[in-house]
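Good morning, and thank you for making time for this presentation. Please take a moment to look at the sequence and the structure before we go through them together.

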Amino acid sequence: MSPTTGTATDKATTPGSASAVEPVPSLSPARSAGSATFGAAQPDVRRATSLPARIRRLSYLLLVGATKSAAVVALLLLWEAAPRLGLVDRTFLPPFSEVAGAWWGLAVDGQLADNARASLVRSFSGFGLAVSFAVPLGLLIGWYRPVADLLGPLLEVFRNTAALALLPVFVLLLGIGETSKISIVVYACTWPILLNTISAVRTVDPTLLKLAKSMNLSAPRLFQKVILPASVPVMFTGIRLAGAVSILVLVAAEMIGAKAGLGYLINASQYNFAIPQMYAGIITISAIGVAFNQFLVALERRLSSWRVPVDG
């Protein structure tokens, strides 16, 4: 090899030299345009694929809503048709359209709002007091056996006594004012919450308790981390029952001695033979009960979000 040739070879293979850098192939205009087009089309593809999914989800929600409301719609249609066809006496069961008109009239002149407000204040006050009293007492009775042995016979006596049977006693002792009405609601709501809370504590999975005790958890931490979360589903069953009881018992109490409230509205409409207004009050009570129950269901899901779904 000649010196000239070796020098040229060294220059060609020396790193960092200009000739050692291989040229980077550039994209052709067609390929560049295609890449740009592909990049721009990705959002369109995602939108195109997500649109059918949204349509399917909307169709599913509509189907579920139609399925759940079918029975209610059928009942309302039967209610509308039966009086008009003469199947029932129209005087005592007017068509639903007349009841809806009476409900709108009560809503416009403010009577419905005033009476509903009075009932809700009494009902929610008694319900809140019952929850704040019955839940801690139920946890205590369910966890400590001596407390259960002490209070058990007394609870059996009172829980088998109907609240409405004691309504005259509450009126005689507390008068016909707000105190007696709230007190009867507290009494009626206490038992579903108390009994379900006791049952919830006593039916906690023993495996969870053994695992918690093996970790040397203190009694307060054991209540916070194991007993309370495991008791939420059964406890809320009693709370939901108490929510319905709070409205029903209050309406009965308002029919005896009250100057405002949905029970008073229903009773006064019956005496004045304003039958559509009476049914309007009944529908309002039902709507309030359904809304309150849905609120409690949502709260239960919020507090028991740790649970694994059955179908999951």
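How many residues apart in helix H4 are Asp 114 and Arg 117, and what does that separation come to in helical turns? They are three residues apart, so about one helical turn separates them. I should say at once that this is a predicted model, and that what follows is computed from it.

With that example in mind, let us turn to the overall architecture. The protein has 11 helices and zero strands. Followed along the sequence, its pattern is therefore α-α-α-α-α-α-α-α-α-α-α, where helices are counted from the N terminus. Of its 312 residues, 31% are buried.

Let me return to the pair with which we began. The side chains of Asp 114 and Arg 117 form a salt bridge, with 3.2 Å from N to O. Asp 114 is partly exposed, at a relative accessibility of 45%. In addition, Arg 122, Glu 178 and Glu 254 are joined into one network by salt bridges that share partners.

The count of salt bridges in the model comes to six. Another of them links Glu 80 to Arg 84, whose closest N and O atoms are 2.6 Å apart. Both residues belong to helix H2, residues 29-84, and because they are four residues apart there, about one helical turn lies between them. As a general point, an α-helix has 3.6 residues a turn, so residues three or four places apart point the same way. Arg 84 is partly exposed, with a relative accessibility of 46%.

A further salt bridge joins the side chains of Arg 90 and Glu 98, at 2.7 Å from N to O. Here Arg 90 is partly exposed at 37% relative accessibility, and Glu 98 is likewise partly exposed at 32%.

We now move to the interior. Which residues have the most contacts inside the largest nonpolar core? That core has 40 residues, and the ones with the most contacts inside it are Phe 127, Ile 141, Ile 184, Ile 193, Leu 194 and Ile 239. At least two core residues come from each of H4 (111-143), H5 (145-159), H6, H7, H8 (206-214), H9 (219-256) and H11 (275-303). The greatest contribution is that of H9, which gives 12 residues. In general, nonpolar side chains in soluble globular proteins tend to be buried together.

Two of these helices deserve individual attention, beginning with H7. Helix H7 covers residues 178-202, and its 25 residues should span 36 Å at 1.5 Å a residue. The C-alpha atoms at its ends are indeed 36 Å apart, which agrees with that expectation. There is nevertheless a kink of about 30° at Thr 190, shortly before the proline Pro 192. H7 is mostly covered, as 18 of its 25 residues are buried.

The second is H11. With 29 residues, H11 reaches 43 Å from its first C-alpha to its last, close to the 42 Å expected at 1.5 Å a residue. Its buried residues include Ile 275, Met 278, Thr 284, Phe 292 and Glu 300. Pro 276 also lies in this helix. At 22% relative accessibility, Pro 276 counts as partly exposed, because buried means under 20%. The C-alpha atom of Pro 276 is 10.0 Å from that of Ile 266, a residue 10 positions away along the chain.

Just ahead of that helix, one residue calls for comment. Phe 273 is found in the loop between H10 (262-271) and H11. Although Phe 273 is not a glycine, its phi is positive, at about 60°. For context, most residues other than glycine have a negative phi.

Finally, let us consider the surface. Is Leu 173 buried or exposed? Leu 173 is exposed, with a relative accessible area of 68%, and its place is in helix H6, residues 167-174. Together with Val 169, Leu 172 and Leu 174, Leu 173 makes a nonpolar surface patch of about 430 Å².

In the loop between H6 and H7 we find Ile 176. Ile 176 is exposed as well, at 62% relative accessible area. Its C-alpha is 8.8 Å from the C-alpha of Ile 256, although the two residues are 80 apart in sequence.

To close, the picture is of a predicted model with 11 helices and zero strands, in which H9 gives the most residues to the largest nonpolar core. Thank you for your attention.

Definitions and conventions: Residues numbered from 1 in each chain as written. Predicted model: local features only at pLDDT ≥ 70, side-chain atom pairs only at ≥ 80, totals over all residues. Heavy atoms only, no water. Patch = residues over 30% accessible without salt bridge, like charges linked within 9 Å, V, L, I, M, F, W, Y side chains within 5 Å. Areas by Shrake-Rupley, 256 points an atom, 1.4 Å probe, with all protein chains shown as cover. Salt bridge = Lys/Arg side-chain N within 4 Å of Asp/Glu carboxyl O. Buried < 20%, exposed > 50% of the residue type's maximum accessible area, 1.4 Å probe, protein only. Expected span 1.5 Å × (residues − 1). Bend = angle between axes of the 7 residues up to and from the residue. Core = buried A, V, L, I, M, F, W, Y, C linked by side-chain atoms within 4.5 Å.
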